[in-house]
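Thanks for sharing this one. Here are my notes, point by point, to read alongside the model.

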Amino acid sequence: MQALPDVIRPGLKVLFCGINPGLMSAETGHHFARPGNRFWPALEQSGFTPRQLKPSEQDELLEYGLGITNVVDKPSARADELTRAELVAGGESLVSKVLEAQPEWLAVLGVTAYREAFADRTAAIGKQDRTIGTTRVWVLPNPSGLNAHYTLPKLAEAFAELRRVS
């Protein structure tokens with residue numbers, strides 16, 4: 001398995017942040033690579049991208065002012081395999097990345113992971129009061145196919161709310 005490269009550059013509109021790479025993503029080197037993951041369809045259906053990109057086209061996100069990183073670099077089959085300590089350490093690392101790249105928005109994909117990484121037990125989906133430097137923070141639902149609480153249309157609408165303000 002290879003390290004999953006960040007898709008990032010200074011001055012992005014939105015830096016999307018997954019919890020950690022899945023095993024297929026770690027194997028292929030592409031974010032959100034598992035076919036059941038709804039990240040790529042939600043990006044397109046919410047209007048962030050004009051078409052549904054393939055995971056192998058992840059670098060094209062930069063053309064749209066978008067990027068991707070993760071809270072924790074360690075791959076796992078399920079995000080719930082991560083420890084609280086790994087999430088907290090990942091949150092600290094994420095703050096450093098955000099301060100360096102200074103995107104307008106950081107969009108964390110998963111409210112439970114956000115709560116752990118940033119010690120914010122009351123966080124909910126949507127805009128957060130927290131900023132990291134000048135970067136505003138938004139929490140989106142986890143796009144994993146394992147998240148049965150959000151259908152693709154509901155997920156795309158949550159992404160679209162962020163797109164409207166970004």
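1. Pro55 is partly exposed, with a relative accessible area of 21%; here buried means under 20% relative accessible area, exposed over 50%, and partly exposed in between, using a 1.4 Å probe and protein chains only. Pro55 belongs to the loop between H2 and S2. Helices (H or I, at least four residues) and strands (E, at least two) are DSSP runs, numbered from the N terminus. Setting aside neighbours within four places in sequence, Pro55 is in contact with His30, His31, Phe32, Ala33 and Trp40, where contact means heavy atoms within 4.5 Å. Between Pro55 and His31 there are 6.1 Å in space, C-alpha to C-alpha, although they are 24 residues apart in sequence.

2. A word on the basis of these notes: this is a predicted model, in which local features need pLDDT of at least 70, side-chain atom pairs count only at pLDDT 80 or more, and totals for chains, interfaces and linings use all residues. Residues are numbered from 1 along each chain as its sequence is written, and side-chain values use heavy atoms, with hydrogens and water left out.

3. Phe32, one of the contacts of Pro55, deserves a look of its own. Phe32 sits in the loop between helix H1 (23–28) and H2, and counts as buried at 13% relative accessibility. Its phi is near 50°, a positive value in a residue other than glycine. Gln102 also has phi near 50°, positive without being glycine; you will find Gln102 in the loop between helix H3 (84–101) and S3.

4. Now the overall layout. The protein has five helices and five strands, and from the N terminus on the elements run β-α-α-β-α-β-α-β-β-α. With 166 residues, a compact globule would have a radius of gyration near 15 Å, and the 14 Å of the protein agrees; this radius is taken over C-alpha atoms, and the globule rule is 2.2 Å times the number of residues to the power 0.38. Of the 166 residues, 49% count as buried.

5. How are the strands ordered in the sheet? The open sheet of five strands has the order S2-S1-S3-S5-S4, with mixed pairing; two strands pair if DSSP finds at least two bridges between them. Strand S2 (66–70) and strand S4 (126–132) are at the edges with a single partner strand each, so one side of each is left without a neighbour in the sheet. On average, neighbouring strands are turned by 25° against each other, direction ignored.

6. Within the sheet, strand S3 (residues 105–109) and strand S5 (residues 135–140) run parallel, joined by five bridges. Trp105 has Arg136 as its bridge partner in S5. Helix H5 (residues 152–165) packs on the sheet, touching strand S1 (14–18), S3 and S5, and its direction makes about 165° with that of S5. Axes are lines fitted to C-alpha atoms, for helices over the stretch in contact, with angles from 0 to 180 degrees between N-to-C directions.

7. The largest nonpolar core has 22 residues, and those with the most contacts inside it are Phe16, Phe39, Leu140, Phe159 and Leu162. Such a core is a set of buried Ala, Val, Leu, Ile, Met, Phe, Trp, Tyr and Cys residues joined through side-chain atoms within 4.5 Å. Apart from it lies another core, of 21 residues, including Val71, Val111, Tyr114 and Phe118.
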